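Subject: Structure handover

Hello,

Here is the structure I said I would pass on. Please open it next to this email and follow along.

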Amino acid sequence: GENSLIRYLVGREPVLLDRDSLRAAMEQKIGAGIREFAVLMDEGGGLLAAETALALKREHPGLRLTCLMRWEEQAADWPEPLRDRWFDAFAACDEELLVESRRSTDNLKRCIDCLRERSSDWVVFCEPSAEGEETAP
């Protein structure tokens, strides 16, 4: 979409990691007219971005959050508290997108392609991936 903000994993070096820095970057985009956040949901930065967007929605009426699920059962093996936070974010978002029904070797690329199609503006940050995945914009 024209007014989307996305988060995805790029490289291995952290650009923005803490909640305050992420919130400040998202608030800056809201100030510039961004009204939709699309987040690739993972157990790290994606979940943090979704929770931050949901907090901002309470302060900025009309803000929308789309959460992308990489594959069904993505969070099945996560610790229960983390899994609960992930499902809570999906329950509170405005739109859910399932990218693939099963995990595949090119799933992350498909997710990034999906985000690219929906977005005109980016806040990119990352954290080390437990799966060792890396990709470039």
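Below is what was found in it, topic by topic.

**Confidence**

Keep in mind that this is a predicted model. The protein chain has an average pLDDT of 76. At least 70 is the score of 74% of the residues. Confidence varies between elements: H3 has the highest mean pLDDT, 93, and strand E1 (residues 4–7) the lowest, 42. Two stretches call for care. Residues 1–14 have pLDDT below 50, yet the model gives this stretch 72 contacts beyond near neighbours in sequence. Residues 126–137 are also below 50, with 41 such contacts in the model. Where pLDDT is low, do not read the predicted coordinates in detail.

**Aromatic rings**

The whole structure contains 3 aromatic pairs. One of them joins Trp 86 and Phe 87. Their ring centres are 5.0 Å apart, with 80° between the planes, and the pair is edge-to-face. Trp 86 also pairs with Phe 90. Here the centres are 4.7 Å apart and the planes stand at 70°, so this pair is edge-to-face too. Where do Trp 86 and Phe 90 sit along the chain? Both are in helix H3 (residues 80–92), 4 residues apart, which means about one helical turn separates them.

Are these rings buried or exposed? Trp 86 and Phe 90 are both buried. Trp 86 has a relative accessibility of just 1%, so it counts as buried. Phe 87 is partly exposed, at 44%. Trp 78 joins in as well: Trp 78, Trp 86, Phe 87 and Phe 90 make up one aromatic cluster.

**Salt bridges**

Side chains of opposite charge can pair when their charged atoms come close. How many salt bridges does the structure hold? There are 8. Here are some of them.

- Asp 94 and Lys 57 meet at 2.6 Å, N to O. Asp 94 is in the loop between H3 and strand E4 (95–100), and Lys 57 is in helix H2 (residues 45–59), so the bridge ties together parts 37 residues apart in sequence. Asp 94 is partly exposed, at 35% relative accessibility.
- Glu 95 and Arg 64 meet at 3.8 Å, N to O. This bridge links strand E4, which holds Glu 95, to strand E3 (residues 64–71), which holds Arg 64. The two residues are 31 apart in the chain. Glu 95 is partly exposed at 26%, and Arg 64 is partly exposed at 34%.
- Arg 110 and Glu 100 meet at 2.6 Å, N to O. Arg 110 belongs to helix H4 (residues 107–118) and Glu 100 to strand E4, 10 residues apart. Arg 110 is partly exposed, at 41%. Glu 100 has a relative accessible area of 13%; buried means under 20%, so Glu 100 counts as buried.

There is also a network. Arg 23, Glu 27 and Glu 59 are joined by salt bridges that share partners.

**Two buried polar residues to look up**Start with Thr 52, in helix H2. Its relative accessible area is 2%, and Thr 52 is buried. Beyond its neighbours within four places in sequence, Thr 52 is in contact with Arg 19, Leu 22, Arg 23 and Met 26.

Next, find Gln 74 in the loop between E3 and H3. Gln 74 counts as buried, at 8% relative accessibility. Which residues does Gln 74 touch, leaving out those up to four places away in sequence? They are Met 41, Asp 42, Met 69 and Trp 86.

**Helix H4**

H4 has 12 residues. From first C-alpha to last, H4 reaches 17 Å, close to the 16 Å expected at 1.5 Å a residue. Which residues of H4 are buried? They are Asn 107, Leu 108, Cys 111, Ile 112, Cys 114, Leu 115 and Arg 118. These buried residues cover an arc of only 155° around the axis, so they lie on the same side of H4. Lys 109 and Glu 117 are exposed on the other side.

Best wishes

Conventions
Residues are numbered from 1 along each chain as its sequence is written. Side-chain values use heavy atoms; hydrogens and water are left out. Rings of Phe, Tyr and Trp (its six-membered ring) pair if their centres lie within 6.5 Å; planes under 30 degrees apart count as stacked, over 60 as edge-to-face and the rest as tilted. Buried means under 20% relative accessible area, exposed over 50%, partly exposed in between (1.4 Å probe, protein chains only). A salt bridge is a side-chain nitrogen of Lys or Arg within 4 Å of a carboxyl oxygen of Asp or Glu. pLDDT is the predictor's confidence in each residue, from 0 to 100. Contact means heavy atoms within 4.5 Å. The expected span of a helix is 1.5 Å times one less than its number of residues. The arc is that of the directions from the helix axis to the C-beta atoms.
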